[in-house]
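Colleague: Hello! I am new to this structure and would love a guided tour. Could we go through it together, one question at a time?

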Amino acid sequence: MSSERLPSRSEHFSDWYNQLVLRAELADYSPVRGSMVIRPYGWALWENIQDGLDKRFKATGHVNAAFPLLIPLSFFEKEKDHIEGFSPELAIVTIAGGQELEEPLVVRPTSETIIGHMYAKWIKSYRDLPILINVWNSVVRWELRTKLFLRTTEFYWQEGHTAHATESEAEEETLQMLDIYEEFSVNEAAVPVIKGKKTEREKFAGAKDSYSIESMMGDLRALQSGTSHNLGQNFAKAFDIQYLDVGNTLQHCWTTSWGLSTRFLGGIIMVHGDDHGLILPPRLAPTQVVIVPIFRDAEQKSATFEAAEQIKLRLSNSRTLIDRREDLTPGYKFNDWEMRGVPLRIEIGPKDIAAGQAVLARRDLPGREGKQEIALDKLEDTVEDLLINIQESMYEKAVRFRDENTHYVETYDEFKEVLADQGGFIRSHWAGTSEDEAQIKEETKASIRCLPIDRPEGKGRCFFTGKETDQVALFAKAY
RNA sequence: CGGGGUGUAGCGCAGAUGGAAGCGCGCCGCGUUUGGGACGCGGAGGUCGGCGGUUCAAGUCCGCCCACCCCGACCA
């Protein structure tokens with residue numbers, strides 16, 4: 001790790017982000033343009049995200065499976081909107097085994113088509129439904145402009161694909177998975193979200209309706225961190241996914257798909273990080289507590305290592321690590337673990353051992369403010385409480401930040417003014433058309449992130465058209 | 001694909017006017033250190049992004065190409 005400070009988060013957000021990802025050893029650039037290597041520390045974080053989501057998927061009746069990486073190109077041509085949306089970013093294999101292929105193979109950008117093809121084979125009767133499959137894999141989209149975690153050529157994610165007998169059941173599934181993303185984001189990642197529906201312009205290529213969770217990043221831009229799509233019968237019709245209903249009538253299924261990717265890591269970084277580095281929510285942190293032993297000579301060394309060992313044993317409920325490196329000073333280690341965002345640090349040295357105590361430092365409150373001395377016999381309870389407390393206060397801080405930077409406007413002039421002067425989210429009544437939305441994006445760079453589902457605002461006047469409406473739109477500049 | 005920038009040691013950079021490839025950090029060894037990014041001494045490490053041209057001589061001048069980063073358009 002470099003010994004320099006990070007660029008200032010408030011002044012150079014983009015540089016700050018890039019360097020943080022590299023220096024916290026979350027990821028590194030790979031030799032192929034736009035793709036990245038996720039390093040062990042970043043992958044450990046992703047594994048915790050996987051665990052949290054996978055548990056929730058299983059609890060709602062989903063099972064995991066695997067589908068192939070390569071998909072016949074013709075599959076993409078079966079759903080008109082889907083191919084239109086994806087064709088610019090497909091990577092296509094045309095040569096294999098030293099020969100030009102009869103039919104080009106697409107490296108999956110998402111699996112709706114191949115899964116649709118298989119579902120058509122597997123589903124015959126209403127008794128086969130619903131089918132609730134989730135897949136953990138990676139996909140490739142040839143993006144023009146990339147950024148570590150947020151948009152890379154290849155990224156890891158989960159994609160859920162379900163098929164149902166009725167329209168309402170599919171809609172229910174779509175919203176259930178959106179709720180799961182929300183609950184996960186809030187409770188595990190301490191990242192507040194706005195749940196909502198995508199507009200026609202912004203929805204998934206091939207979907208009937210798309211929903212998303214949207215979060216505010218530290219630079220006031222919006223990040224879509226999870227999506228859930230009601231695909232209607234679009235893919236069922238394109239792939240002949242049909243079943244016989246109770247009355248012996250052939251019906252098309254109703255399908256859904258939903259996904260959350262390694263982009264979510266980028267969200268965690270940009271919501272919680274500070275000038276010292278990453279700040280990880282305790283529930284997802286690969287290491288929750290790091291113990292830094294402090295010593296001068298061999299005698300002190302064995303005493304503090306012994307004390308550290310005992311602390312670790314007592315903290316068996318937490319993911320605890322002892323920093324045994326002997327060639328580095330404590331000060332270096334403090335900065336190192338702060339860069340990596342470990343929520344809680346325990347310093348133990350000769351003075352502490354003599355006093356029967358240890359020093360606790362919480363990552364979310366940097367410097368002296370977050371330090372306290374604690375008697376060793378109170379350590380377990382204190383650590384447990386602190387981890388919960390850190391998780392909560394990280395969430396509260398993020399909510400406060402988002403709310404302070406969310407504005408309501410009544411006119412388009414005001415909209416432009418607020419966006420230029422303050423930025424952030426604009427949440428206002430909206431009755432405009434797709435063309436109006438396009439015009440606003442063209443003129444201000446801000447787009448409708450979603451039409452929020454929860455609307456405490458009630459009825460009001462659209463800032464753009466002046467029409468009375470109960471629909472609200474969330475506008476922001478987005479990643 | 002448009003605009004901008006950068007390619008010299010693992011990283012960050014310096015190498016006016018062409019004339020023996022350097023500095024800082026990191027890395028390796030030994031010793032002293034260790035409560036907020038330690039220090040000394042000794043080392044290892046380079047087809048100067050690539051190809052071509054000008055020249056007695058190119059990191060440096062010229063041409064072409066490539067890669068990456070930033071800002072736009074497109075996107076989870």
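**A walk through the model**

Modeller: Alanine 190 makes a good starting point: with a relative accessible area of 0%, alanine 190 is buried. Please keep in mind that this is a predicted model.

Colleague: Thanks! Where does alanine 190 lie?

Modeller: The phi of alanine 190 is near 60°, which is a positive value in a residue other than glycine. As for its position, alanine 190 is found in the loop between α6 and β9.

Colleague: Let me step back to the whole chain. Into which domains is chain A divided?

Modeller: The assignment leaves some residues outside any domain, and it names three stretches. They are domain 1 (13-272), domain 2 (289-387) and domain 3 (406-476).Colleague: How much area is buried between domain 1 and domain 2?

Modeller: The centres of domain 1 and domain 2, taken over C-alpha atoms, are separated by 40 Å. Contact involves 6 residues of domain 1 and 4 residues of domain 2. Carbon and sulfur atoms give 50% of the area buried between the two domains, and that area is about 470 Å².

Colleague: Which three residues supply 65% of the area that domain 1 buries against domain 2?

Modeller: No other three residues supply more of what domain 1 buries against domain 2. Their share is 65%, and they are Arg23, Ala24 and Tyr41.

Colleague: How many salt bridges cross the interface of domain 1 and domain 2, and which residues meet?

Modeller: The rule finds 1 salt bridge across this interface. Between the two domains there are also 2 residue pairs in polar contact. A salt bridge with an N to O distance of 2.6 Å joins the side chains of arginine 340 and glutamate 25.

Colleague: What kinds of residues make up the side of domain 1 that touches domain 2?

Modeller: On that side, α1 (13-23) and α2 (40-59) each supply at least two residues. By kind, the residues there divide into 3 nonpolar, 1 polar and 2 charged.

Colleague: And α1 itself: what covers its buried residues?

Modeller: The buried residues in α1 are Phe13, Trp16, Tyr17, Asn18, Leu20, Val21 and Arg23. Their cover includes β1 (27-29), α8 (263-272) and α10 (330-340).

Colleague: Is glutamate 25 buried, partly exposed or exposed?

Modeller: Glutamate 25 sits in the loop between α1 and β1. Its phi is positive, about 60°, although glutamate 25 is not a glycine. With a relative accessibility of 27%, glutamate 25 counts as partly exposed.

Colleague: Salt bridges interest me. How many are there by this rule?

Modeller: Side chains of opposite charge can pair when their charged atoms come close. By this rule the total is 31 salt bridges.

Colleague: Which parts does the salt bridge of glutamate 167 and lysine 208 tie together?

Modeller: The side chains of glutamate 167 and lysine 208 meet with an N to O distance of 3.7 Å. Glutamate 167 is partly exposed at 38% relative accessible area, and lysine 208 is partly exposed at 29%. The pair ties together parts that are 41 residues apart in sequence, because glutamate 167 lies in helix α6 (residues 167-189) and lysine 208 in the loop between β9 (194-197) and β10 (209-216).

Colleague: Is aspartate 209 buried or exposed?

Modeller: Aspartate 209 forms a salt bridge with lysine 208, at 3.3 Å from N to O. The relative accessible area of aspartate 209 is 15%, so the residue is buried.

Colleague: What about arginine 402: is that residue buried or exposed?

Modeller: Arginine 402 is in a salt bridge with aspartate 403, where the closest N and O atoms are 3.3 Å apart. Aspartate 403 counts as partly exposed at 42% relative accessibility. For arginine 402 the value is 13%, so arginine 402 counts as buried.

Colleague: Which residues are joined into one network by salt bridges that share partners?

Modeller: Glutamate 25 and arginine 340, the pair from the domain interface, both belong to this network. Its members are Glu25, Asp323, Arg325, Lys333, Asp336 and Arg340.

Colleague: Where does proline 130 lie?

Modeller: The peptide bond leading from leucine 129 to proline 130 is cis, with omega near -5°. Proline 130 is placed in the loop between α5 (112-122) and β7 (131-140).

Colleague: One last stop: which residues does cysteine 462 touch, leaving out those up to four places away in sequence?

Modeller: Cysteine 462 lies in the loop between β23 (460-461) and β24 (468-469), and at 2% relative accessible area cysteine 462 is buried. Threonine 411 is 51 residues away in sequence from cysteine 462, with 8.1 Å between their C-alpha atoms. The residues that cysteine 462 touches are His429, Trp430, Ala431, Gly432, Lys467 and Thr469.

Methods:
Residues numbered from 1 in each chain as written. Chains lettered and ligands numbered in written order. Predicted model: local features only at pLDDT ≥ 70, side-chain atom pairs only at ≥ 80, totals over all residues. Heavy atoms only, no water. Domains from an automatic or database assignment. Contact = heavy atoms within 4.5 Å. Buried area = accessible area lost by both parts, 1.4 Å probe. Salt bridge = Lys/Arg side-chain N within 4 Å of Asp/Glu carboxyl O. Polar contact = N/O pair within 3.5 Å; in protein donor to acceptor, adjacent residues only side chain to side chain. Helix = DSSP H or I, 4+ residues; strand = E, 2+ residues; numbered from the N terminus. Nonpolar A, V, L, I, M, F, W, Y, C, P; charged D, E, K, R; others polar. Buried < 20%, exposed > 50% of the residue type's maximum accessible area, 1.4 Å probe, protein only.
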